[in-house]
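Below is a brief report on cysteines, charge pairs and surface patches. Start with the structure itself.

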Amino acid sequence: KGEKSVISRLAANNPKVLDAYVTFTVETPLLSERQRHELNPLIIRINSATCLPNTPVPIEVLQQLCVPTYCKYKFHNFPPHRTHGQIHGTHVYFKDVNVLLTGTMKPGELQRYLRGPPLEIEVHDRDRNMENNTKEPCLFGEDEADENVGKVSFLASKSAICNSFTKNKVWHPHGVAKVSLTDLLLGKKYLTISAPIHNCSAPNTAAFSEEDKNENITELVSSSSLLPMGHYLESDSLLKVRVEIAVPLQMHAEIADAQVTNCLYGCIIYIFDYNNSSLLHDLVEEITEINAKALQLDCCPVHLIGMALAALKLKTTLEKVSELDIVTGFHLLDGATHLFVLEGLKDKAIKKLWDKHFERSYRREDGQLEILYNSQLAFHQRLYTDLEAIFYHFRLCKPLFTITKQPLLYVRGMVPWACFQALSRLSYLCRSKRLRDVIHGDLLPSAEMITALSHQYGVPLTDEDLFVQKPPLLSVSSDDYTVPGKVSRVKQAVYSSLDNYNEMCVPKNRFTYCHEYLSATFDPVDVVAACKESFAKSKSMWLSPDGFVFPGFKSSIESNLHPRMPDEARLEELSEKWQENALHANMEPVLSRDRWSWDKRHIDFDLYKKPP
């Protein structure tokens with residue numbers, strides 16, 4: 001980290017030595033200037049944790065029952081780092097320094113990691129000291145935790161209790177602070193972050209490997225022996241971290257990342273209405289054509305191509321997937337929305353899909369349409385090669401927003417963990433506006449999550465699901481006829497049945513058509529050129545024809561005058577004394593407004609019962 005002197009103090013108490021300080025000093029820096037540029041050290045300093053909760057367990061009890069407070073995190077593929085334990089308190093000062101040599105990482109790997117989810121730092125301030133926790137066996141009914149059998153809360157914590165049985169996997173409640181390091185991609189060298197600490201989520205049984213499940217049970221840890229979760233949010237707990245990098249990253253780190261040879265893949269996401277059949281038909285047809293051409297299936301009949309692609313699995317069938325220009329991913333439909341998450345070679349298939357459909361985002365007549373794409377974001381591997389098909393279609397039994405509103409969905413243990421993660425991520429994904437936010441929030445579900453969601457909430461697909469409304473049929477002339485068994489994209493102009501009566505027409509010319517008392521004039525329009533012209537016209541209206549016009553100098557009194565201020569005559573009239581009923585002095589009220597005496601109060605209530 002550039003310092004030449006380090007001072008450390010004796011941590012453990014010793015009856016013979018009251019206190020001790022040790023100092024290490026070097027004459028020259030350990031890293032030369034060349035080594036600093038090649039290794040590019042990244043320094044993560046955890047300074048302190050402030051406003052730690054004193055409830056529901058007081059600090060004095062934590063000092064007696066728990067190990068000293070410490071922090072733990074893991075940065076990418078580097079070994080996990082754990083700070084030294086400090087004495088319990090509301091303000092704990094760690095002053096921990098961890099140096100990571102980012103130059104040893106592969107090119108572009110650091111940029112991809114910084115664009116991803118934030119760094120999670122665990123704050124352990126209530127880990128029970130299990131060495132002194134000895135419990136004798138007892139019969140059912142004698143343990144305090146036996147009362148929770150049969151309750152929903154017990155089912156919710158079942159995974160945490162089961163995971164606590166295994167060796168070296170004892171789980172304790174703790175706080176989590178998420179530290180975002182994306183500002184390093186902007187060329188910054190120092191980051192000073194105060195991240196809020198919130199409660200951690202209970203571990204899931206499915207997250208443990210099979211090796212952990214086969215380990216012998218060494219000790220029994222009941223839910224009653226674990227301390228309750230601290231009130232981090234109510235206490236406004238903060239973790240103060242400082243991050244420093246020796247050589248700042250380039251301002252265009254994403255562009256450099258996209259040019260790395262091992263970052264071959266790109267991603268594009270389509271979110272549009274369920275009734276937009278034209279876009280659905282075009283996307284499915286385009287994806288099928290790209291995959292058929294890459295797998296050399298374009299010589300087969302159309303119905304056989306669909307069957308072959310539906311039964312093809314990349315993981316077990318293809319060997320050199322990275323060299324194939326195919327589109328993988330999934331298509332989710334729920335009766336309200338279509339969601340396409342597509343991945344492929346960024347400069348071939350994905351760019352082709354973007355160039356073909358990007359102009360649709362300017363159309364408003366087709367309803368909602370969101371296209372999330374960034375040509376500067378590149379990835380080194382595919383995410384959805386383990387799905388049941390090369391391009392996986394599945395339908396939900398209900399709309400996604402309806403499923404996520406069910407209260408029982410958020411009771412732990414009611415649905416599989418992978419299924420819940422898929423629902424949660426897809427719900428946030430449908431509300432995102434940028435692909436960068438999707439990657440930073442880790443909103444792309446894995447192949448395992450998609451499979452679990454399909455098995456839990458999926459229903460069989462029908463022919464109407466992929467084509468809500470049958471697209472209009474196109475008639476092709478005899479010159480464009482293709483041999484049966486071959487799939488080819490018609491590159492010439494395709495005319496509808498309306499054009500059969502005008503054989504000499506050209507798409508860019510204006511013509512008139514009349515048949516059986518129907519007349520119409522068509523003027524073909526280039527959508528892209530029209531959008532550019534509209535934008536240029538709107539931009540030209542930002543200024544007047546003479547340029548920027550200065551309204552002239554105004555004094556402070558003129559500037560403070562209200563635009564709707566009354567004139568002088570009205571102000572003089574308003575300054576006169578108010579006279580009640582001045583315009584109607586000669587008119588008497590219709591009803592009497594006198595008061596009745598107390599002895600005649602009964603007449604007051606019967607006033608309107610008798611006719612006048």
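## The loop between helix 19 and helix 20

L561 sits in the loop that links helix 19 and helix 20. This is a predicted model. L561 is partly exposed, at 47% relative accessible area. The residue belongs to a nonpolar surface patch of about 500 Å². Its other members are I557, M565, L571 and L574.

D567 is in the loop between helix 19 (556-559) and helix 20 (568-574) too. D567 is partly exposed, with a relative accessible area of 49%. On the surface, D567 gathers with E568, E572 and E576 in a patch of negative charge.

## A salt bridge in helix 20

Helix 20 also holds a charge pair: R570 and E573 both lie there, 3 residues apart. That spacing is about one turn of the helix. The two form a salt bridge, with the closest N and O atoms 3.3 Å apart. R570 is partly exposed at 38% relative accessibility. E573 is partly exposed as well, at 46%.

## Salt bridges elsewhere

How many salt bridges does a search of the whole structure find? The count is 11. Side chains of opposite charge can pair when their charged atoms come close.

One of the bridges joins the side chains of E33 and R36, at 3.1 Å from N to O. Both residues are in helix 1 (residues 33-39), 3 residues apart, so about one helical turn separates them. R36 is partly exposed, at 25% relative accessibility.

Another bridge pairs K433 with E370, at 3.2 Å from N to O. K433 lies in the loop between helix 14 (417-429) and helix 15 (435-440), and E370 lies in strand 14 (residues 369-373), so this pair ties together parts that are 63 residues apart in sequence. K433 is exposed, with a relative accessible area of 57%. E370 is partly exposed, at 22% relative accessibility.

## Cysteines

How many disulfides does a search of the whole structure find? The result is 0. A disulfide is a covalent bond between the sulfur atoms of two cysteines.

Why does C419 have no such bond to C397? The closest cysteine sulfur to that of C419 is in C397, 9.8 Å away, and this is too far for a bond. The cut-off for a disulfide is a pair of sulfur atoms within 2.5 Å. C419 is buried, with a relative accessible area of 0%. C200 is buried too, with a relative accessible area of 11%.

Key:
Residues numbered from 1 in each chain as written. Predicted model: local features only at pLDDT ≥ 70, side-chain atom pairs only at ≥ 80, totals over all residues. Heavy atoms only, no water. Buried < 20%, exposed > 50% of the residue type's maximum accessible area, 1.4 Å probe, protein only. Patch = residues over 30% accessible without salt bridge, like charges linked within 9 Å, V, L, I, M, F, W, Y side chains within 5 Å. Areas by Shrake-Rupley, 256 points an atom, 1.4 Å probe, with all protein chains shown as cover. Salt bridge = Lys/Arg side-chain N within 4 Å of Asp/Glu carboxyl O. Lys, Arg positive; Asp, Glu negative; His and termini not counted. Charge placed at Lys NZ, Arg CZ, Asp CG, Glu CD. Helix = DSSP H or I, 4+ residues; strand = E, 2+ residues; numbered from the N terminus.
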